[in-house]
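Me: Please take a close look at a single part of this protein, the place where its domains meet. I would like a connected account of that contact.

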Amino acid sequence: MPSYKLIYFPVTALGEPIRFLFSYAGIKFVDERFNEEDWPKLKLTMPFGKVPVLEVDGKKIDQSVAICRYLAKQCGLAGKNNWESLEIDATVDTIHDLRANIAGFHYESNKQAKEEKLKAAKETVPYYLERLDAQVKKNGGYFVGGTLTWADLTFVGLLDYLNHMMNEEIVEKYENLKQLQKKVEELPTIKSWIKKRPSTMYQN
């Protein structure tokens, strides 16, 4: 078994789907969280100056989606065939499109531009959530194939971060997504991880 170390900020955000996958599979990993003031120096040691980064036997790799896909293949959450794998990839990309729409206004520093982006997000976020909710309903309570995949862990793993940026519980009006969240968070290994994980204190 390789040795794993996840390097990320002390928040859920993009690191949490990776932590969910490790926890679900019962794979031991070092959860290395660094302080904001250490980032400028640490950034120089990262492959492309970004995190999360996964170390596998000392070798560094970045890109959170690629890391999740790599882990999902190891724990049987990457689909039963090529078509399901494609559906999962498309769903995960859509989830990150949703995240990008929310982050676009959340991190905007210009007040006028922020208001404009927030107005746009108020339209685009429900657009995504309605369709994701319908997808879960159509597929028997999960995003793909009527069973748990890494798309489900990605969405639920990111929810804390998305809720923070939107300053609301974004799935409150979407019953199928709410039930999906409940199912994932009640998985014994995920439930155990959530209970013991460090608390997240977002700075902005």
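Reply: What follows describes the two domains and then the contact between them.

The model is a predicted one. The domain assignment of the protein divides the chain into domain 1, made of 4–76 + 190–196, and domain 2, which spans 82–187. An unreviewed UniProt entry carries the annotation "domain: GST N-terminal" for residues 2–79. Over those residues, 2–79, helix accounts for 33% of the chain and strand for 22%, with the end C-alpha atoms 23 Å apart.

Between the C-alpha centres of domain 1 and domain 2 the distance is 20 Å. Domain 1 contributes 16 residues to the contact and domain 2 contributes 17 residues. Together the two domains bury about 1,400 Å², and carbon and sulfur atoms carry 73% of that area.

Polar and charged links also cross the boundary. Five residue pairs are in polar contact between domain 1 and domain 2, counting pairs with both residues at pLDDT 80 or more. Two salt bridges are found across the interface of these domains. In a salt bridge between side chains, D89 meets R69 at 3.1 Å, taken from N to O.

On the side of domain 1 that touches domain 2, three helices each supply at least two residues: α1 (16–25), α3 (64–74) and α8 (188–196). By residue class, this side of domain 1 comprises eleven nonpolar, two polar and three charged residues. The picture of the contact thus joins a buried area that is 73% on carbon and sulfur atoms with two salt bridges across the interface.

Methods: Residues numbered from 1 in each chain as written. Predicted model: local features only at pLDDT ≥ 70, side-chain atom pairs only at ≥ 80, totals over all residues. Heavy atoms only, no water. UniProt positions renumbered as here; feature names shortened; annotations may be inferred. Helix = DSSP H or I, 4+ residues; strand = E, 2+ residues; numbered from the N terminus. Domains from an automatic or database assignment. Contact = heavy atoms within 4.5 Å. Buried area = accessible area lost by both parts, 1.4 Å probe. Salt bridge = Lys/Arg side-chain N within 4 Å of Asp/Glu carboxyl O. Polar contact = N/O pair within 3.5 Å; in protein donor to acceptor, adjacent residues only side chain to side chain. Nonpolar A, V, L, I, M, F, W, Y, C, P; charged D, E, K, R; others polar.
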